[in-house]
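Reader: I have a structure open at the bench and would like to go through it with you, point by point. Could we take it as questions and answers?

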Amino acid sequence: MKRWANTGTGPNPAAGERQQGRRGAAIRRNLPTAGLLLLLVACWELACRIFEIPPQQLPAPSAIGRAFFENFTILAVQARASLAAAGAGLLMALLLAVLLAVAMDRSPLIKRFLYPLLVISQTVPIYALAPLFLIWFGLGLFSKVVIVSLVCFFPLAVNLVEGLEQVDPEALELLRTMQAGPWLVFRSLQLPSVLPYFFSGLKIAVTYSVIGAVIGEWIGARAGLGVFMLRSLHAFKTAQVFAAIIAVVLLSLLLFKLTELLAWLAMPWNRAGRNNIEEE
Amino acid sequence: MKPKLLLENISATYTAGAEPLPVIDALSLHVAPGEFVSLLGPSGSGKSTLLKIAAGLIRPERGRVFLDGREVTGRPARVGYMPQQDLLFPWKTLLQNAALPLLAAGVPREAAYSRVMEMLPVFGLERFAHYYPNQLSGGMRQRAALLRTILVESGLLLLDEPFAALDALTRDKMRDWLLAIWEQFKRSVLFVTHSIDEAIYLSDRVCMISARPGRIILDQPITLPRPRTRQITNEPLFLEYKQKLFASLEE
Ligand SMILES: Nc1ncnc2c1ncn2[C@@H]1O[C@H](COP(=O)(O)OP(=O)(O)OP(=O)(O)O)[C@@H](O)[C@H]1O
Ligand SMILES: [Mg+2]
């Protein structure tokens, strides 16, 4: 069958080049945002100086920066506590969401009963319930984990359910004619089709998780960025409050980027170069 | 000799819509061992539905399906079924896609992969084992899908318009190539197509199916000698078949 010998190159002939191009494009794309941010910060700084705003009310960016670096070690320690709550809550949410989504996928009956409940559960203001969790689960890590998992559960579950719904029925039929077992069907078809949905849910969930942890800590905790914020607030150290906010933002961004990296690693087929090979 | 596949008095109706849609009406069809049968008919006449019934994916309203003389109506039997879209999984490389039926049959991964690697040259795909489907051309994807279909260890291939999406040139090449593969592997084939030329060129027998609800309106044996080459399309016998099939399609 020599006639069909193809003249293709390797899978990624210009991958390095393209990668570099993409990185350059990313920098160029983010340049306006960075510029705008810088301008805003500059205006803020100037306003604080010109109008002599009291630092307890609104500290200048320079003061916030100083507070951030002066408190860096303590912020890092508190961030670790918040991260622990966020991470544990995420894991719990993930476990619940996967179990529920698989159950709903297996049984239309379960889905009919549970899906509306799932949506209703989201209309309950979880943060308003937080004080109750404190009563039930105490000041320790666990009450925070519960809050975070409740907040993160919804985007994960909804995306997983939706992902499982759109698994190609024709592909399922094809596997049936091969008499593939349920495990092969799961790992060769269902899991990979769900991954993109899963990761878009996870991106939302990870950003919620840090905020969830911090709010949980406001209500009552022994450590964490939320606790640090409250203490600083009560001591009228407003710059420290802002420093903690910066830490929260950085933490969320970090988790978000980590999720993107994870998605990139988990779906290698998405980055395979699309160099259609011509016949002959 | 027992037919490889026997469809007996099949009727099928889709009930999903506002009113029931009868798609196939008391249709009978058989494929002898090693025989190449084409199913020809207008769009919407129930050809894909019939293949799904043969594959056991849909239970017919009436009628029975026999595979090697055993009744398998409504039960997915192990058959080489190739749906209208190639359905290569985008997250799997060519090698992994083609190995799926072997894995489904319980072959260990290493053995399955080396079996696929042995087969790749036959399909002209030896250099593309580790490519993802979106890196392959249309013709290569069809060949990969066909390789996957042939690796289902079954004596029966059910092919649903495998070449419909290809350009005319690639299509011609794929026909010759399918014939070569068929002669090498000696499977029974039920081949759905829209093209009269394609049906005559490939088949031992061409079955013409009517517009919905589908019935067989012509069962035409094709006695052109094998192996066939493209010259055959100019022979008087070929043209005669063509006219006959055209005429029955007009009715
Ligand atoms: N799952 C389904 N539910 C309801 N109606 C269907 C379904 N699948 C097919 N049909 C209808 O049944 C009829 C026959 O469909 P089928 O796909 O078997 O035809 P076909 O001969 O393969 O057509 P084509 O040549 O266009 O592929 C069509 O009118 C189609 O709209
Ligand atoms: Mg069809």
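Reader: Which protein donors does the magnesium ion (ligand 2) have?

Author: This is a predicted model, and the values quoted here are computed from it. The donor atoms lie 1.9 to 2.5 Å from the magnesium ion (ligand 2), and they are OG of one residue and OE1 of the other. The protein donors are therefore, within the 2.8 Å allowed for such a metal, Ser48(B) and Gln84(B).

Reader: How many residues apart are Ser48(B) and Gln84(B), and in which elements do they lie?

Author: Ser48(B) belongs to helix α1 (residues 47–54) of chain B, whereas Gln84(B) sits in the loop between β6 (80–82) and α2 of chain B. The pair thus links distant parts of the chain, the separation being 36 residues.

Reader: Is Gln84(B) buried, exposed or partly exposed?

Author: Buried means under 20% relative accessible area and exposed means over 50%. Ser48(B), the other donor, has 24% and falls between these limits. Gln84(B) has 42% relative accessibility, and because this also falls between them, Gln84(B) counts as partly exposed.

Reader: Thr93(B) lies in the loop between β6 and α2 of chain B; is Thr93(B) buried or exposed?

Author: Leaving aside residues up to four places away in sequence, Thr93(B) touches Ala129(B), His130(B), Tyr131(B) and Tyr132(B). Its relative accessibility is 10%, and because the limit for a buried residue is 20%, Thr93(B) counts as buried.

Reader: How much area do chain B and chain A bury between them?

Author: In terms of contacts, 41 residues of chain B meet 35 residues of chain A. Trp91(B), Gln135(B) and Lys173(B) supply 19% of the area that chain B buries against chain A, more than any other three residues. Of the total buried by the two chains, 57% is on carbon and sulfur atoms, and that total is about 3,500 Å².

Reader: How many salt bridges are there between chain B and chain A?

Author: One of them joins Glu170(A) to Lys52(B), with the closest N and O atoms 3.6 Å apart. The rule for polar contacts finds six residue pairs across this interface. The count of salt bridges between chain B and chain A is two.

Reader: Which elements of chain B give two or more residues to the side that touches chain A?

Author: By class, the side of chain B that touches chain A has 26 nonpolar, seven polar and eight charged residues. The elements that give two or more residues to that side are α2 (94–104), α4 (138–150) and α5 (168–185) of chain B.

Reader: Which residues join with Arg175(B) into one network of salt bridges?

Author: Arg175(B) in helix α5 pairs with Glu198(B) in helix α6 (residues 196–202) of chain B, 23 residues away along the chain, and their N-to-O distance is 2.9 Å. Both partners count as buried, Glu198(B) with a relative accessible area of 2% and Arg175(B) with 11%. Salt bridges that share partners join Arg175(B) into one network with Arg171(B), Asp172(B) and Glu198(B).

Reader: Where does Asp219(B) find its salt-bridge partner, and which residue is that partner?

Author: Asp219(B) in strand β10 (residues 216–221) of chain B is 14 residues from its partner, which lies in strand β9 (residues 205–209) of chain B. Asp219(B) is partly exposed at 40% relative accessibility, whereas the partner is buried, with a relative accessible area of 7%. The closest N and O atoms are 3.0 Å apart, and the partner is Arg205(B).

Reader: How many helices does chain A have?

Author: Of the 280 residues of chain A, 39% count as buried. Read along the sequence, the pattern names α elements throughout. Chain A has zero strands, and its number of helices is 10.

Reader: What covers the buried residues of α9(A)?

Author: Helix α9 (residues 225–234) of chain A has as its buried residues Leu225(A), Gly226(A), Val227(A), Phe228(A), Met229(A) and Ser232(A). After the helix comes Phe236(A), whose phi is positive, near 55 degrees. The cover over the buried residues of α9(A) includes α3 (72–106), α8 (182–219) and α10 (238–266) of chain A.

Notes: Residues numbered from 1 in each chain as written. Chains lettered and ligands numbered in written order. Predicted model: local features only at pLDDT ≥ 70, side-chain atom pairs only at ≥ 80, totals over all residues. Heavy atoms only, no water. Contact = heavy atoms within 4.5 Å. Buried area = accessible area lost by both parts, 1.4 Å probe. Salt bridge = Lys/Arg side-chain N within 4 Å of Asp/Glu carboxyl O. Polar contact = N/O pair within 3.5 Å; in protein donor to acceptor, adjacent residues only side chain to side chain. Helix = DSSP H or I, 4+ residues; strand = E, 2+ residues; numbered from the N terminus. Nonpolar A, V, L, I, M, F, W, Y, C, P; charged D, E, K, R; others polar. Donors = N, O, S within 2.8 Å, 3.2 Å for Na, K, Ca; no water. Buried < 20%, exposed > 50% of the residue type's maximum accessible area, 1.4 Å probe, protein only.
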